[in-house]
Amino acid sequence: SDFEAKGYSEAKKAILNQSYEVKDLTLFDKDKVPEDASMIVISGPKKELFETELKLLEVYLEGGGKLFIMLDPDEGQGLVPFIAKYGLKVGDDIIIDKVSRLFGGDFLIPVIMEYGNHAITKDFNLLTFFPIARSVKAMAESSDKVLPQNIAMTSAESWAETDKERLQRGEAAFDEGQDVKGPLSLAAVTTIGLAGAKGKTGQDAHGHTQESSSSEGQKRGRLVVFGDSDFASNNYLKLSGNKDLFLNVISWLAEEENLISIRPKQAESTPLLLSAAQGRVIFWFPVIIMPGAVLLVGALVTTRSRWRS
């Protein structure tokens, strides 16, 4: 419900427009996830979850529940081993991407142009932007329990920076043997509970595996993990394909693949969010400097004309 730049009111509005209901959920005082929870979204957690909460999420997920986790660098570290149990590795790093400069961003905003072969990203050809992100990759091949896949890859000009102190000093550079060279996976998914599935397919962990139809009555859990939560914030949701990708994840988790698409853009007002320094520039240049320059030129022309006369 936060309407500020870092809030998710626009994401909530987009979900409501898809005819879903959005509720806050606290788990520490419950003995199970509510029956009416079609999916749970954990977005940029600032505090660690209790062990009892993690256990409830585990039971929920392995019982056919759907979970979407957006995990920023250096935050939610307690979720990292939880996610690893399902074949996904969350990196202790920050992605640097030189290609970002071509689109007016900085090195800390990876631009995604390549997507995995998955229902979420099928025929998806829009750029997406992820401010200050960490790597998330499928680290295991498909098995009779999990089917992990990478769905969003950075450019070959990117790398996963592991020396964060050096990065804070503005001295980040690729170190062979220490940092990981791109392309890097920034988002990955896994399907859980595949044992006994009819016609289950599996190839590798590089985004080229598709789950087939499940056996009758079988419940499969679905987990999606992104290495950034800001891409879905009010500040970035409407940027290029961010909103479409976010809603595609929601539709896949809700098992409504027919709603996955690149949606037509609607004409709507988009707030321009400026820093204090940018606001001063916007004020001084058109309000003070430009009119002042016009007046000055006019005064010089008038003075020169009178002098000639």
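Two strands pair if DSSP finds at least two bridges between them. By that rule S2 and S13 pair, because 5 bridges join them, and the two strands run parallel.

**Figure 1. Overview of the predicted model.** The structure shown is a predicted model. The protein has 309 residues, of which 42% are buried. DSSP assigns 6 helices and 13 strands to the protein. Among contacts with a separation of 6 or more, 72% are between residues 24 or more positions apart. The exposed surface comes to about 17100 Å², and carbon and sulfur atoms supply 55% of that area.

**Figure 2. The open sheet of 6 strands.** The strand order is S1-S2-S13-S12-S9-S6, and the pairing is mixed. Strand S1 (40-43) and strand S6 (114-115) are the edge strands; each has a single partner strand, so one side of each lacks a neighbour in the sheet. S1 and strand S2 (residues 66-70) run parallel and are joined by 4 bridges. Serine 43 has methionine 70 of S2 as its bridge partner. Of the two faces of S1, the one with Ile40 and Ile42 is covered, whereas the one with Val41 and Ser43 is uncovered. From S1 the chain passes through H2 to S2, in a β-α-β crossover that is right-handed.

**Figure 3. Strand S13 and its two neighbours.** S13 is largely enclosed by the rest of the structure, because 6 of its 6 residues are buried. Both of its faces are covered, with Gly221, Leu223 and Val225 on one side and Arg222, Val224 and Phe226 on the other. On the S2 side, 5 parallel bridges join S2 to S13, and methionine 70 stands opposite phenylalanine 226. On the S12 side, 6 bridges join S12 to S13 in the antiparallel sense, and alanine 187 stands opposite phenylalanine 226. Phenylalanine 226 therefore has a residue opposite it in S2, methionine 70, and one in S12, alanine 187.

**Figure 4. Surroundings of valine 189.** Valine 189 lies in strand S12. This residue counts as buried because its relative accessibility is 1%, and the cut-off for buried is under 20%. Leaving aside residues up to four places away in sequence, valine 189 touches Leu88, His118, Ile120, Leu147, Pro148, Gln149, Ile151, Leu223, Val224 and Trp252. Of these, Leu223 and Val224 belong to S13, on opposite sides of that strand. Valine 189 and phenylalanine 226 are 37 residues apart in sequence, and their C-alpha atoms are 8.7 Å apart in space.

**Figure 5. Helix H2 and its cover.** Helix H2 (residues 51-62) has 12 residues. From its first C-alpha to its last, H2 reaches 16 Å, close to the 16 Å expected at 1.5 Å a residue. The buried residues of H2 are Glu53, Leu54, Leu56, Leu57, Glu58, Tyr60 and Leu61. An α-helix has 3.6 residues a turn, so residues three or four places apart point the same way. The cover over the buried residues of H2 includes S1, S2, helix H3 (79-84), strand S12 (185-192) and strand S13 (221-226). After H2 comes glycine 64, which has a positive phi, near 105°.

**Figure 6. Helix H1 against helix H5.** Helix H1 (residues 9-16) has Ser9, Ala11, Ala14 and Ile15 as buried residues. These buried residues pack against helix H5 (242-253).

**Figure 7. The open sheet of 3 strands.** The strand order in this sheet is S4-S10-S11, with antiparallel pairing. Strand S4 (94-97) and strand S11 (180-181) stand at the edges; each has a single partner strand, so one side of each is left without a neighbour in the sheet. S4 pairs with strand S10 (residues 158-161) over 4 bridges, in the antiparallel sense. Isoleucine 96 has tryptophan 159 of S10 as its bridge partner.

**Figure 8. Confidence, and two segments with low pLDDT.** The average pLDDT of the protein is 84, and 83% of the residues score at least 70. Over residues 196-209 pLDDT stays under 50; the model has 41 contacts beyond four places in sequence for this segment. Over residues 212-216 pLDDT also stays under 50, and here the model has 11 contacts beyond four places in sequence. Where pLDDT is low, the predicted coordinates should not be read in detail.

How values were computed
Residues are numbered from 1 along each chain as its sequence is written. This is a predicted model: local features need pLDDT of at least 70, side-chain atom pairs count only at pLDDT 80 or more; totals for chains, interfaces and linings use all residues. Side-chain values use heavy atoms; hydrogens and water are left out. pLDDT is the predictor's confidence in each residue, from 0 to 100. Contact means heavy atoms within 4.5 Å. The expected span of a helix is 1.5 Å times one less than its number of residues. Buried means under 20% relative accessible area, exposed over 50%, partly exposed in between (1.4 Å probe, protein chains only). Accessible areas come from the Shrake-Rupley method with a 1.4 Å probe; for residues, only the protein chains shown count as cover. A crossover is right-handed if, with the strands pointing away from the viewer, the path from the first strand over the helix to the second runs clockwise.
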